[in-house]
Amino acid sequence: MLTVSRHVAFISCEQKQSNEESPVIDRRNVLLGLGGLYSAAATLGKQNMEANGAPVQPPKWSKCHTAFDGATQEQVNCCPPYSTAKVVDFVPPPSHEPLRVRQPAHKLEAEYVEKFKEGIARMKALPADDPWNFMQQATIHYTYCNGAYDQVGFNEEVLLQVHGSWLFLPWHRYYLYFYERIIGRLIGDPTFALPFWNWDTQEGMRIPKIYLDTSSPLYNDLRNKSHYTALFDYKFAFGDPNPSPPQEEEVITHNLHILHKMFEESEKSPSLFMVKPVVAGEAVPSNASGSLENLHNDVHMWTGPSKSPYHDMGNFYTAAHDIMFFGHHANVDKMWDIYNSSRGHTPEFKQDDWLEASFVFYDENRQVVKCKVCLFFP
Ligand code: C2O
């Protein structure tokens with residue numbers, strides 16, 4: 001079972017009144033790369049008391065300012081060029097639209113790889129301020145996690161942060177959803193689907209070759225080169241040597257054991273798998289992430305360079321500059337799908353604070369759309 005068809009089911013959310021004026025940032029809460037390196041000032045107190053249950057809202061684009069790279073301690077500019085664009089509610093695609101089937105990256109046929117490369121090459125060739133441009137798409141990731149937005153409405157600024165909480169999986173699902181459709185539009189293929197790097201299976205525990213061809217637009221030189229052909233050990237920490245050939249079998253078994261345990265232990269507890277709630281006005285706890293997100297952090301750390309500032313894959317600020325990010329996250333999304341189906345396709349959380357949380361993206365029709373979590377659940 002290596003081919004997963006990604007059939008994102010959408011429904012319309014009930015219209016609810018919510019506070020449209022409330023998103024969120026805490027510039028004191030700074031992320032230093034990944035892997036649990038969340039350095040955060042305490043975020044208790046007044047602002048938390050005000051966070052009495054309103055879903056996190058998308059940022060006001062017109063209020064974008066510099067963000068912060070926790071690893072270099074530098075201010076970075078990542079504001080989108082389309083800050084005055086009109087935002088409309090996202091409407092799910094019609095059901096007769098062709099199904100896009102995501103395939104494992106290491107099994108892609110040559111023709112498909114060419115198609116993917118062509119799409120990425122076209123994204124990279126767009127004018128720098130085009131919202132579909134490769135770097136513009138990458139900046140979307142760090143506006144949502146490095147503090148480019150704050151929103152008034154709470155007495156103190158609160159970070160808009162889509163990692164470390166129940167927003168992690170839905171936000172990244174939408175991000176990939178539009179990214180994939182933009183590529184499809186650029187190459188004129190309405191069935192185009194992103195490949196996934198299935199590091200959760202034995203065959204996928206090495207970097208898929210499509211990312212390693214140095215002459216390809218899928219290549220990125222800012223990776224840990226000593227891992228190019230190595231087996232990924234989930235227990236990896238910076239500085240660890242690669243498993244030797246005689247150790248490999250044991251590492252594979254142990255990796256699979258970790259996965260099994262993760263699904264088994266969290267089956268009844270979405271907050272183990274997907275972490276805790278975060279509502280408008282509340283900062284993400286400094287050390288929180290669910291078991292899937294934790295494991296996902298290890299993949300980022302293992303792929304990126306082992307030294308600070310960990311650019312690209314090992315740092316939120318730059319992670320989406322590497323196309324492997326999207327293969328990695330397509331796999332994370334697949335794992336959420338597996339988890340969700342094992343629980344009978346029901347929403348993991350019933351609270352409106354989750355289901356009504358929303359984000360904005362630039363879609364494949366060059367329209368800015370506001371997307372709610374609840375659309376994923378039929
Ligand atoms: Cu937004 Cu893999 O992180």
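Visitor: How much surface does the chain expose, and which atoms supply 52% of it?

Guide: In this predicted model, the chain exposes about 15700 Å². Carbon and sulfur atoms supply 52% of that area.

Visitor: And what share of the 378 residues is buried?

Guide: Buried residues make up 58% of them. To earn that word, a residue has to come in under 20% relative accessible area.

Visitor: How do you know which parts of the chain account for its contacts?

Guide: Take the contacts with a separation of 6 or more: residues 24 or more positions apart account for 75% of them. As for the building blocks, you'll find 9 helices and 9 strands in the chain.

Visitor: What makes E6, E9 and E8 a sheet, and which kind of sheet is it?

Guide: Two strands pair if there are at least two bridges between them. E8 and strand E9 (residues 368–372) are joined by 5 bridges and run antiparallel. E6 and E9 have 3 bridges and pair in the parallel sense. Both counts meet the cut-off of at least two, so both couples pair. The outcome is an open sheet of 3 strands in the order E6-E9-E8, with mixed pairing.

Visitor: Why are E6 and E8 called edge strands?

Guide: Strand E6 (87–89) and strand E8 (358–362) each pair on one side only. From one strand to the next, the twist averages 35°.

Visitor: Which residue in E9 is the bridge partner of Ser358?

Guide: That's Lys372. Phe361, meanwhile, stands opposite Val369 in E9, and Asp89 has Lys370 as its bridge partner in E9. Helix H4 (residues 168–186) packs on the sheet too, touching E8 and E9, and its direction makes about 15° with that of E8.

Visitor: What makes you say E9 is largely enclosed?

Guide: Since 5 of the 5 residues of E9 are buried, the rest of the structure largely encloses this strand. Val368, Lys370 and Lys372 point one way, while Val369 and Cys371 point the other. That fits a general pattern: side chains in a regular strand alternate between the two faces of the sheet.

Visitor: Which residue takes a positive phi in the hairpin of E8 and E9?

Guide: Arg366 does, near 60°, in a hairpin with 5 residues between the strands.

Visitor: Why is the contact between Glu180 and Arg102 called a salt bridge?

Guide: The rule asks for a side-chain nitrogen of Lys or Arg within 4 Å of a carboxyl oxygen of Asp or Glu. For Glu180 and Arg102 the N to O value is 2.8 Å, so the pair qualifies under the 4 Å cut-off. This pair links distant parts of the chain: Glu180 sits in helix H4 and Arg102 in strand E7 (residues 101–102), 78 residues apart. Both residues are buried. By this rule the count comes to 16 salt bridges.

Visitor: How do you know whether Glu118 and Arg122 are buried or partly exposed?

Guide: Partly exposed means falling between the 20% and 50% marks. Glu118 has 35% relative accessibility, so it counts as partly exposed. Arg122 has 38%, so it is partly exposed as well. Their closest N and O atoms are 2.6 Å apart in a salt bridge, and both residues lie in helix H2 (residues 110–125), 4 residues apart, about one turn of the helix.

Visitor: What separates Glu265 and Lys261 along helix H5?

Guide: About one helical turn, because they are 4 residues apart in H5 (residues 248–266). Their side chains meet in a salt bridge at 3.7 Å, N to O. Glu265, at 49%, counts as partly exposed, and so does Lys261, at 40%. Elsewhere, salt bridges that share partners join Arg102, Arg173, Glu180 and Asp333 into one network.

Visitor: Why is helix H3 called mostly covered?

Guide: In H3 (residues 134–143), 9 of the 10 residues are buried. Among them are Phe134, Ile140 and Tyr142. The buried residues pack against strand E5 (74–76), H2, H4, helix H8 (324–342) and E8.

Visitor: And what reaches the backbone nitrogen of Met135 at the start of H3?

Guide: A side-chain oxygen of Asn133 does, to within 2.7 Å. The cut-off for a polar contact is 3.5 Å, so this pair is inside it.

Methods:
Residues numbered from 1 in each chain as written. Predicted model: local features only at pLDDT ≥ 70, side-chain atom pairs only at ≥ 80, totals over all residues. Heavy atoms only, no water. Buried < 20%, exposed > 50% of the residue type's maximum accessible area, 1.4 Å probe, protein only. Contact = heavy atoms within 4.5 Å. Areas by Shrake-Rupley, 256 points an atom, 1.4 Å probe, with all protein chains shown as cover. Axes fitted to C-alpha atoms, helices over the stretch in contact; angles between N-to-C directions. Polar contact = N/O pair within 3.5 Å; in protein donor to acceptor, adjacent residues only side chain to side chain.
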